[in-house]
Amino acid sequence: MARYAVLFLLLLSACQRQRGETLPKPKATGASPEASLLPAKGDAADLVPPKESKFAEWPKPAVALVLTGQQLGYIEPCGCTGLENQKGGLARRHTLIRQLADERGWPVVPLDVGSQVKRFGKQQEIKFAHTVQGLRTIGYRATTLGEGDLRLTPGELLAAMAGADGTASDFVSANVAVLGRELQPRSVLIEKGGKRIGVTAVLGAKFEEGLRGDELIHQPPLDALKKVAEELTSQKCDVLVLLAHASLDEARKVAEQVPIFDLVVASGETSLPSNELETVAGTKTRLLQVGLKAMYVGVVGVFDDPQNRIRYESVPLDARFADSPEMLKLLADYQEHLKDYGLDGLGVKPQPHPSGRRFVGSEACGECHTKAFEKWKSTTHATATDSLVTPPNSRGSIPRHYDPECLSCHVTGWEPQQFYPYESGYLSLEKTPRLKHNGCENCHGPGSAHVAAENGEGKPSPDTIARLRSAMKLPLAGGEAERKCIECHDVDNSPDFHKTGAFEKYWKEIEHLGKD
Amino acid sequence: MKATLLSLAALAAGIIAAILWTNQEFSREVMPVDVRPVSRDGKPAPKIGPKVTIVNGERYDFGTMDRNGHGKHQFIVLNDGDAPLNLEAGQRSCGVCIKEFTIAQPVLQPGERTEATIEFEIKSGETEFEQSGTLNTNDPIKKSVRLAIHGHILDTVRAERPDIHFHDLSPSETATASVNIYGFRDEKLKIESHEVSSARAGDHLSVSFAPLTSDELAKEPRAKDGVKMTVELKPGLPQGDFDGAISVTTNQSSDPISVRVIGNIATDILLMGPNVMRERSLVGLGAVSQKDGKKLTIFLIAKGPHREDTKVEIESVEPTVDFSAKLGEPIRDTAKTIRYPIVIEVPPGATPVTRGEGNYAKIHVKTTHPEIKELTISVRYVVKE
């Protein structure tokens, strides 16, 4: 019996020591690693910032897995509402990883669960290629192709995935390969911090079934994974990781059926990453999801302590993290590529406006609507293109006025959500200077017919003139004007616009009435 | 003494069981084990300080809710410690989706309870909703608690995917793809009309609909009915990208569903591989060390109706010195493609040279394809000492 009492006292003592280790430290000041990992600013100006990161108090892990995914094209925060109000981006991610590796001296293994992009076309191919380059610069050891990436053409994927040696040895998947199965590995073995880490990946069944393209070689995830599991098991790894580009539910089922993994990283479907690791029932597997738009980074510390072998923290990539110069250079190069290709080269073709009318530019509107025009000139809508040429933030040295994803809301005559110009819409500073900025016609519609009628062209009847005038009006009633605003002031780029009473507040800043 | 030891052992067993239960119940690994100091000699236990407990759980699952719906949940917060617990509404994961995050009583005395209320709105393009507010506390063990709202967003009708891709199609073959459309109302899903819009591909796209089988419908457990939309792209489109949309109106929603159709028409003989710029038939070999030389494998892909009959050969290369290209045996990865490897080599000891624009190395390929009889691949590299 005395033996049990001693055991109990040892247990009590250990618990107290563990508790002592996790007591909060005084907040560090200056530029120490701890200080740099403490939040200074929150998600948005009116939101209270998070308290300090838990891993600021971690002891040094044997190895730290840094887990990301679902970038979905957000290679950097847009910056429309201030970079300090938005999360994510490669430049901040690089800084976080560098802080862990260089300042703390942790052995860091970054891994990504895929979907760097989510749309299709030349701009996405360029963005994917730059992201891959960025991941390699940051030091990623393995990634996989997600559903969004696989929308790109196989040829472009293959070209972009190749490293300097011509191979894509860090693009891992048990069930998907581009062009030839031998061109990308089913699994990789990473040695870091004295640990052997086996990593494989799968594309979930729902996405795999939707794959199209003769050059994509794919099979159902479970069949493929069971085969790879045998290989991985024989490698005698210390840690086995599965990157599952799948929903959390599917990742959980896969983990139950192939229960060899220590960690399963799911791409998931919800905006937020896991707050805590989940234990998959009946297995030793821990499961997490990364959230959307790569706004957060998951850090999993692997420790030699058998009582506390794995710890996890989700870190928001907010303005605490300075921009990495290398990634800013990469972003500048990305924009330079967009400039070199031009709209034609990017496949961005002007489309007819549904009204059949053409854009005339705000100056033409201002000839009659002088007061409204003066009001417009006093708003930031009238300098919207300037803020792309020289962005008013810490990334101001990188112009964005060749980027269709930015242009669509910063010039006149574009479809704001689909990123293409209408015929007669803005094309460039040189070709269409009168269509710079977010002009009158973006809300009121193209004005060619109205202007022509007012000028007496074609001898219009009074009814025609009245009808065309009416067509240019954008009523406040019924939410019509507000819906038009939201085409650009969407949740991603203008979150404040979606708060209760926001429209009324912002309308006052641009309030104008028809003709003088 | 024996009674004391028995008591201590029983207490220890209880604590261990509680820890195991807690770990299993909440399936979490990372938080420090919450074991407060206890008395082991009969004296009053030391102060344990403030202790936060969310009585009704830290994650609220609302089940399902219509898109753009809104709701409210009250998390019951208990001070389970022996000192005042300070509470502060901290960061919200999304200022738009979490409309309000309030705490009824900012300081709780030991044993007191209050409500932390989260009011949320389903403003998301996703099908799953998860947002949270962080409750900051002065509990030394749990300085922040994430109060999460989770659930499934319900549409009345939804396509399983927002787009259909046709990649690198042969210009002379028909391609088909399908997407399931699910209805979530009790009534039968009916397609009332559809419209195809695509400046380039509209005339080549045809759309048909058929009821889903029970197996297909089972893929979306919440769906009550479903229709498979099959899209056929007929041959004859010129090379290049195309983009369009199919707008489908059903009996279950006044808003039509839009499915994008995107893709590109390639040629029957395609150049692919690492560092290949396909639109220029250009391969970047990069810097080549004179000492080591460099090899790179690229691929020619034969597809389309003539793929089995097409023979490929390398007719010549330029320069003929310090540069070679060798055609490998054809590989059949999929039923519709044949892959020919081409190993490009700049051998060790090659003379330093820059092969840039106007001076590219060339690989001239000859084929028996009825339309693509020859192809020139340019290779860019610099040999350095």
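## Kinks, salt bridges and an open sheet

Biologist: Let's start with helix 9 of chain A: on which residue is its kink of about 45 degrees centred?
Modeller: Bear in mind that this is a predicted model. Helix 9 of chain A covers residues 325-345, and the kink of about 45 degrees in that helix is centred on A:K339.

Biologist: How far does helix 9 of chain A reach from its first C-alpha to its last?
Modeller: The helix has 21 residues, and at 1.5 Å a residue the expected reach is 30 Å. The model comes close to that, with a reach of 28 Å.

Biologist: Which parts of chain A are included in what covers the buried residues of helix 9?
Modeller: The buried residues in question are A:M327, A:L330, A:L331, A:Y334, A:Q335, A:L338 and A:L343. Their cover includes helix 3 (90-103), helix 4 (122-138), helix 13 (404-407) and strand 14 (414-415) of chain A.

Biologist: Helix 3 of chain A just came up, so how many of its 14 residues are buried?
Modeller: Its length holds no surprise: 14 residues should span 20 Å at 1.5 Å a residue, and the end C-alpha atoms are 19 Å apart, which agrees. Among its buried residues are A:R92, A:R93 and A:H94, along with A:L96 and A:I97. The helix is mostly covered, and the buried count is 10.

Biologist: Which residue with a positive phi follows helix 3 of chain A?
Modeller: Helix 9 of chain A has a residue of this kind just after it, A:G347, with a positive phi of about 75 degrees. For helix 3 of chain A, the phi is near 75 degrees and the residue is A:G105.

Biologist: On to charges: how many salt bridges does the structure hold over all chains?
Modeller: Side chains of opposite charge can pair when their charged atoms come close. Some bridges join up, as in the network that links A:E76, A:D323, A:R395 and A:R400. Over all chains, the number of salt bridges is 46.

Biologist: Is A:K484, which meets A:E487 in a salt bridge, buried or partly exposed?
Modeller: The two side chains meet at 3.7 Å, N to O. A:E487 has a relative accessible area of 29%, so it is partly exposed. A:K484 has 25%, and with buried meaning under 20%, A:K484 is partly exposed.

Biologist: Which residue forms a salt bridge with B:R146?
Modeller: The closest N and O atoms of the pair are 2.9 Å apart. B:R146 sits in strand 9 of chain B and its partner in strand 8, 16 residues apart. B:R146 counts as buried at 15% relative accessibility, and so does its partner at 5%. That partner is B:E130.

Biologist: How many residues apart in sequence are the parts tied together by B:D168 and B:R278?
Modeller: These two form a salt bridge, with the closest N and O atoms 2.9 Å apart. B:D168 is buried at 0% relative accessible area, and B:R278 is buried at 19%. B:D168 lies in strand 11 of chain B and B:R278 in the loop between strand 19 and strand 20, so the parts they tie together are separated in sequence by 110 residues.

Biologist: Which strands stand at the edges of the open sheet of 4 strands in chain B?
Modeller: The order is 18-21-24-23, with antiparallel pairing. An edge strand has a single partner, so one side of it is left without a neighbour in the sheet. That applies to strand 18 (269-272) and strand 23 (324-327).

Biologist: And what is the bridge partner of B:S324 in strand 24 of chain B?
Modeller: Strand 23 and strand 24 of chain B run antiparallel and are joined by 4 bridges. For B:S324, the partner is B:E345.

Terms used:
Residues numbered from 1 in each chain as written. Chains lettered and ligands numbered in written order. Predicted model: local features only at pLDDT ≥ 70, side-chain atom pairs only at ≥ 80, totals over all residues. Heavy atoms only, no water. Salt bridge = Lys/Arg side-chain N within 4 Å of Asp/Glu carboxyl O. Buried < 20%, exposed > 50% of the residue type's maximum accessible area, 1.4 Å probe, protein only. Helix = DSSP H or I, 4+ residues; strand = E, 2+ residues; numbered from the N terminus. Expected span 1.5 Å × (residues − 1). Bend = angle between axes of the 7 residues up to and from the residue. Contact = heavy atoms within 4.5 Å. Pairing = 2+ DSSP bridges.
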